[in-house]
Amino acid sequence: MLAAESLPEFQTALARAGLDGWLIYDFHGLNPIAVGLLQLPGMTTRRFFVYIPREGSPVAVTHAIEQGPWTTWPAGWRKEKYSSWRALESLLAGLVKGKRVAMEYSPGDAVPYLDRVPAGVIEMVRTAGATVVSSADLVSSFYAVWSDEQRASHERAARAVSTIGQEAIRLAGSRADSASPLSEHALQGWIKEKFEAAGLEADDHGPIVAIGPNAANPHYEPTAASSATIKRGDILLVDLWAREKNGVFADQTWMGSLGKPSDRDTKIWLAVRDARDAAISLLRERIGGKKTVGGGEVDDAAREVIRSRGYGDFFFHRTGHSIDPRDLHGSGPHIDNLETREERALIPGVGFSIEPGVYLAGEVGMRSEVNGFIGRDGLLITPADYQKELLIV
């Protein structure tokens, strides 16, 4: 639940942005930012709004039959009840008429991770007399930032994920010439067992274990029924992500070669690695110099390296995604100027992945993934021992 002690921070940010308030809306969990910020207990199946004004106390507009989730709403803050749509629209107009308010809205759907409020609700708020602007920077500052504890949890997870990823590739190499080489699915299961033993949790998908041509599909996932054998002479991609319970995800991709890589594969690896390092270099330069840097700019820096090596058409996803305290693919600034028009600055406290890739359909795919975090002490890249050369096993 939004806490009274955090209100001054919100209101300072609203004043700095020239906003009258932040209007938070949800219905059936459509807006995960509202869900994460408010953390309402119990059932919420009706529309609700929470208005955080630049001055004064917040106001919750709630449905009459769903008062249970609001029992911890601070007693000194207003809570209005409605039953009819007429009453809802009247209450809304009383709150926002003539005001400039932020909502989880992205003009032109530039950043889908921000575009959480339905167009009809935006129309309703505008009809109530408000000017609606994007809450993009508020989301970065109040939803996407990590605490010190979350950073520490991420760093622990990153060390474990790094070890497991490298061990997985070495294990595959050691079995490649045996009578029982591993399949992609078997190695995937081994990684999951290692996560469990380390006290880490992942999600319902992955990790991605892809050999040879399968690695050219960035979202490939082996199954028991469809899984290639990991054999010598191929490139192996292992993309794995995990976190401590209630911690922040660590998300990494490691690349191996079962035997000496071909000249083609070496060139692709160097393009991907150097693109990753160009992104890191730009971040270090700007952040070290106390200068602003946007996620789109970092994407451009990585993409230019791959384009200059002749693989521009084969790098067809963003360079990286937000990693916020709740989600692996979060709502903070992304490293993206391809799939979305990400113009937000990378502010202190936000985390993200950096993962350029090159994918030649039917032949091979390579990606190198690390995570970045902008701390008060500068740029943190995890894992600390991120990959410099192909692992030849």
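**Exercise 1.** Which residues does His334 touch, not counting residues up to four places away in sequence? Then decide whether His334 is buried or exposed.

*Solution.* The model is a predicted one.
- Step 1: locate the residue. His334 sits in the loop between β10 (322-323) and β11 (351-354).
- Step 2: list the contacts. With residues up to four places away in sequence left out, His334 touches Val111, Tyr113, Gly295, Gly296, Arg318, Gly320, His321, Ser322, Glu342 and Arg344.
- Step 3: look for a polar partner. The backbone nitrogen of Ser322 lies 3.0 Å from the side chain of His334.
- Step 4: classify. The relative accessible area of His334 is 1%. Buried means under 20%, so His334 is buried.

**Exercise 2.** Find two residues other than glycine with a positive phi, and assign each an exposure class.

*Solution.*
- Step 1: recall the background. Most residues other than glycine have a negative phi.
- Step 2: take Gln39. Its phi is near 50°, and Gln39 is in the loop between α2 (32-38) and β2 (48-53).
- Step 3: classify Gln39. Its relative accessibility is 54%; the class exposed starts over 50%, so Gln39 counts as exposed.
- Step 4: take Asp109. Its phi is near 55°, and Asp109 belongs to the loop between β5 and α4 (119-127).
- Step 5: classify Asp109. A relative accessible area of 40% makes Asp109 partly exposed.

**Exercise 3.** Locate two cis peptide bonds and the loops that hold their prolines.

*Solution.*
- Step 1: recall that most peptide bonds are trans.
- Step 2: examine Gly206 and Pro207. They are joined by a cis peptide bond with omega of about 0°, and Pro207 lies in the loop between α7 (184-197) and β7 (208-211).
- Step 3: examine Thr382 and Pro383. The bond from Thr382 to Pro383 is cis too, with omega near 0°; Pro383 is in the loop between β15 (378-382) and β16 (391-392).

**Exercise 4.** Describe the largest pocket and the second largest pocket by volume, central residues and lining class.

*Solution.*
- Step 1: the largest pocket. Its volume is about 850 Å³. The lining has 32 residues, and those nearest the centre are Phe10, Leu138, Ser141, Phe142 and Tyr143.
- Step 2: its class make-up. The lining of the largest pocket has 19 nonpolar, eight polar and five charged residues.
- Step 3: its elements. At least two lining residues of the largest pocket come from each of α1 (7-16), β5 (100-103), β6 (131-134) and α5 (136-142).
- Step 4: the second largest pocket. Its volume is about 480 Å³. It is lined by 21 residues, with Pro218, His219, Asp239, His329 and Glu355 closest to the centre.
- Step 5: its class make-up. The lining of the second largest pocket divides into six nonpolar, six polar and nine charged residues.

**Exercise 5.** Which helix gives the most to the largest nonpolar core?

*Solution.*
- Step 1: identify the core. It has 47 residues, and Ile268, Leu283, Val298, Leu346, Ile354 and Met366 touch the most other members.
- Step 2: name the helix. Helix α8 (residues 263-288) gives the most to this core, with ten residues.
- Step 3: follow one member. Ile268 touches Tyr311, Val358, Leu360, Val364 and Met366, not counting residues up to four places away in sequence.
- Step 4: check for another core. A second, separate core has 31 residues, including Leu7, Ala13, Ala60 and Val133.

Methods: Residues numbered from 1 in each chain as written. Predicted model: local features only at pLDDT ≥ 70, side-chain atom pairs only at ≥ 80, totals over all residues. Heavy atoms only, no water. 1 Å grid on protein atoms, 1.4 Å probe; cavity = no way out; pocket = protein on both sides within 12 Å on 5 of 7 lines; lining within 4 Å. Points joined across faces, edges and corners; volume = space filled by probe spheres on them. Helix = DSSP H or I, 4+ residues; strand = E, 2+ residues; numbered from the N terminus. Nonpolar A, V, L, I, M, F, W, Y, C, P; charged D, E, K, R; others polar. Buried < 20%, exposed > 50% of the residue type's maximum accessible area, 1.4 Å probe, protein only. Polar contact = N/O pair within 3.5 Å; in protein donor to acceptor, adjacent residues only side chain to side chain. Contact = heavy atoms within 4.5 Å. Core = buried A, V, L, I, M, F, W, Y, C linked by side-chain atoms within 4.5 Å.
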